[in-house]
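This briefing covers a nonpolar core, a pocket and one leucine. Please look over the sequence and the model before reading on.

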Amino acid sequence: MAKKQEDLKNEAARKYAFLQEMAEDTYFPKRLVDKGKKVLVALCFAIEQQQPNELDELYELTHAATDEFNELQEAFEEADSEIETGARECIAADFDFIAKAYGFAEADLEELIATREW
């Protein structure tokens with residue numbers, strides 16, 4: 001059974017509108033934006049389950065989620081879309097939000113998404 005955002009323990013993450021700018025822009029296919037949202041919600045669940053204490057532990061989780069976005073890039077291209085500047089900023093901002101929501105205010109944004117290919 002798929003985990004739903006409303007089941008997250010972290011209130012801020014539970015209420016947050018992931019990929020909002022992409023969802024509002026018809027350039028990005030809704031089904032692919034929804035897949036991206038699922039990646040971010042799954043990241044939240046992974047943080048809640050594994051409870052990283054160190055930045056390196058958090059980065060391991062965010063890199064895995066970033067790799068999933070890397071895989072989505074091809075699907076965006078096949079749908080005549082792409083993870084372009086606006087999308088990159090939107091996705092990065094959501095990774096930053098997640099880090100802060102889970103108590104990692106000192107996390108480096110570039111390191112959170114260091115494995116990105118977009």
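Leaving aside neighbours within four places in sequence, which residues is M22 in contact with? They are F28, V33, F76, A87, C90 and I91, where contact means heavy atoms within 4.5 Å. This is a predicted model, in which local features need pLDDT of at least 70, side-chain atom pairs count only at pLDDT 80 or more, and totals for chains, interfaces and linings use all residues. Residues are numbered from 1 along each chain as its sequence is written, and side-chain values use heavy atoms, with hydrogens and water left out.

**Core**
- The largest nonpolar core (buried Ala, Val, Leu, Ile, Met, Phe, Trp, Tyr and Cys residues joined through side-chain atoms within 4.5 Å; buried is under 20% relative accessible area, exposed over 50%, partly exposed in between, with a 1.4 Å probe and protein chains only) has 38 residues.
- Those with the most contacts inside this core are L19, M22, F69, I91, F95, I98 and Y102.
- Two or more residues each come from α3 (30–50), α4 (55–78) and α5 (85–101); helices here are DSSP runs of H or I with at least four residues, numbered from the N terminus.
- α3 supplies the largest share of this core, 10 residues.

**L55**
- L55 lies in helix α4 and counts as partly exposed because its relative accessibility is 25%.
- Not counting residues up to four places away in sequence, L55 touches F104, E106 and A107.
- L55 and L8 are 47 residues apart in sequence and 21 Å apart in space, C-alpha to C-alpha.
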